[in-house]
Amino acid sequence: MAVVKDAEQELKPNKKKTTSDEDDNRRKKMVPGGLMKAVIRPGGGDAMPSDGDQVIYHCTIRTLDGVVVQSTRSEFGGKGTPTRQVLGKSKMILGLLEGIPTMLKGEVAVLKMKPELHYGEDECPVSVSDSFPKDAELNFEIELIEFSKIKVVTEDLGILKKVINEAQSWENPRDLYEVKARVSAKLGNGKSLQLPMAGEPILFTFGKSEVPKGLEKGIGTMSRGEKSVIYVTSQYLSESPMIPSVEGIEEVHFEVELIHFIQVRDVLGDGRLIKRRIRDGKGEFPMDCPLQDSHLRVHYKGMLINEENTVFYDTRVDNHGQPLEFSSGEGLVPEGFEMCVRLMLPEEISLVTCPPDYAYDKFTRPANVPEGAHVQWEIELLGFEMLKDWTGMNFRAIMDDVEKTKGTGNRLFKEGKFVLAKAKYEKVLREFNHVNPQDDEEGKEFANTRSLLNLNVAACYLKMGDCRKSIETCNKVLDANPVHVKALYRRGMAYLEAGDFDEARTDFNKMITIDKSSEANAKAALLKLKQAEQEVEKKARKQFKGLFDKKPGEISEVGLDNQVNEARVEGEHESLIPSQEKEDGVEDAPPAPAPARTSSFSRLWTGGVNLFKSLGVNRCSIL
């Protein structure tokens, strides 16, 4: 096609900022007269594509004397499939990168390009065959079929989404969700692709490969009520019951209306604790869920997983029709029950399938629930109230509330629920960031309480086997008060548990120099340290028999002391802390035996960490 000279318009570099610095640098190569445009058929409207838009266009390339070199149109030897690209993201020749943003929807124009504006550009990002006339001036006839804002689902642009109707909510389906959607499909050339459901809504389980991978990824970005077109290229067209064979298909455009989905959550991530929503609740997930500690009201029916689905408890029958009320975060219901309720919306009903270790194996088991039983709970969340905050409260009221929360944490600790206990202490510590004592007396009480809470957090970490975090938490107290005896003791026990004997010894000895009243407790701890060192040495000598000189009597002597000490504390609450802690409801430590001699070998051997628990060196208590 010849281009009428006086109809040509020279296109100059686009000054708009783009998403690609590389494209900006390429624009600097443009020279006057390098790109000329002639409109063959005007488009409609006044909007033009910009960076981030998807453009769909037909392109026919001709030499200046009208010979067709290449085309997307079937009548000129192409496949009949228009080109789809994203401005600023797709690799494009410079002439199209500059020319297409000047066009209107439906417009047909010819872009005359010098070689450096098409495939003859140095380091052109788009390759062509060797037979292509890269060094010739060429005419590119472009028909801009459509352009629109697009969501990039995959960075390689293999899956794109164009929203037609916005969603009614913002929750997206994910693995195990049960999805209901209406889907139709076209090939890239516009021809319809026949699907098995013939216009009826489809039902599928997300993550089970029941629909093509690319379609599923696209639906994963949609929300209820949304209608979109999902563009999927061949690398994401996996075979599925929807499209049994994808051979020869280069791309598919799926038009999808997401009608509904049922939330099914694998709460633990291992398939054992499953929550399936039966009835939608009110509000938006998860913003309107009781994720924080709250007072909750629920009706529930508990069932054994057997052929009869035996009901072992129903609040509507066994609780005189009254709901169960409890405060979350306090270990008052089985762990799996609470984890799922926290993910519910008000008025939602869900069916929870729970393994025994998150049901009743670690909780008071109803008489009619066998040990090791898997259970189901049908739970209705009637409502919840967030626990009161400290806004508008005076210092005394705040500290009274702190004592209640700390008391709950202490109960949870004694019940062995260390994660829950730690959460209680840490919640108060976070809220302490917004408390401002008004005088020295309040400041002293505030500082002491914060120190005790940090030490209780350290005790939880130690019980959970995280010695390093226990040490770090103790350091927070010692940074503020380097002579805090309880913090030295707690950190020393954490060092001992971690096998850092020298650091532990330093902390225990420092206790004695700071406060003589802690000497008995410090010496008891030093004895534990000595026993741990000698037990490590004993194991090493047994393993490397003949490599070291034996010291007859030393091990057996320590073993005797250990037996006496264990007999003395048997039956008491697990505790080995300074006697000053008795005021906080924790028992005193046992009297301290005389310290044992230090072996030089034991100071060199710190690898026996796993032996310490059997010796009782991981004992700690809350403050």
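Start with the lining of the largest pocket in this predicted model: its residues divide into 13 nonpolar, 11 polar and 6 charged. The space inside comes to about 780 Å³. To find the middle, select Thr 72, Pro 82, Thr 83, Arg 84 and Gln 85, which are the closest to the pocket centre among the 30 lining residues. Then colour strand S3 (53–63), strand S4 (68–71) and strand S5 (83–86), the elements that each give two or more residues to the lining. Which of these strands gives the most? S5 does, with 4 residues.

Next, go to the open sheet of 6 strands. Reading across, the order is S8-S9-S12-S13-S10-S11, and the pairing is antiparallel. Select residues 151–152 for strand S8 and 202–205 for strand S11; these are the edge strands, and each pairs on one side only. Inside the sheet, show strand S12 (residues 227–233) together with strand S13 (residues 251–262). The two run antiparallel and are joined by 7 bridges. Label Thr 233 and look across to S13: Glu 251 stands opposite.

Now display the aromatic side chains. The structure holds 12 aromatic pairs. Select Phe 312 and Tyr 360, an edge-to-face pair with 5.7 Å from centre to centre and 85° between the planes. Where does each ring sit in the chain? Phe 312 belongs to strand S17 (residues 311–314), while Tyr 360 lies in the loop between strand S19 (349–354) and strand S20 (375–386). The two residues are 48 apart, and the pair links distant parts of the chain. Are these two residues buried or exposed? Both Phe 312 and Tyr 360 are buried.

Another edge-to-face pair is Phe 413 with Phe 418, at 5.1 Å centre to centre and 65° between the planes. Phe 413 counts as buried because its relative accessibility is 4%, and the cut-off for buried is under 20%.

Return to Phe 312 and Tyr 360 and widen the selection to add Tyr 300, Tyr 313, Phe 326, Phe 337 and Trp 377. Ring pairs link these residues with Phe 312 and Tyr 360 into a cluster.

Finish at residues 485–518, where UniProt, in an unreviewed entry, places the feature "repeat: TPR". The span is 82% helix and 0% strand. Pick the C-alpha atoms at its two ends, residues 485 and 518: they lie 8 Å apart.

Note on methods
Residues are numbered from 1 along each chain as its sequence is written. This is a predicted model: local features need pLDDT of at least 70, side-chain atom pairs count only at pLDDT 80 or more; totals for chains, interfaces and linings use all residues. Side-chain values use heavy atoms; hydrogens and water are left out. On a 1 Å grid over the protein atoms alone, a cavity is a set of points where a 1.4 Å probe fits but cannot get out, and a pocket is an open set with protein on both sides within 12 Å along at least five of seven lines; lining residues have an atom within 4 Å of a point. Grid points are joined across faces, edges and corners, and a volume is the space filled by probe spheres set on the points. Ala, Val, Leu, Ile, Met, Phe, Trp, Tyr, Cys and Pro count as nonpolar, Asp, Glu, Lys and Arg as charged, and the others, Gly among them, as polar. UniProt positions are given in the numbering used here, feature names are shortened, and annotations may be inferred rather than shown by experiment. Two strands pair if DSSP finds at least two bridges between them. Rings of Phe, Tyr and Trp (its six-membered ring) pair if their centres lie within 6.5 Å; planes under 30 degrees apart count as stacked, over 60 as edge-to-face and the rest as tilted. Buried means under 20% relative accessible area, exposed over 50%, partly exposed in between (1.4 Å probe, protein chains only).
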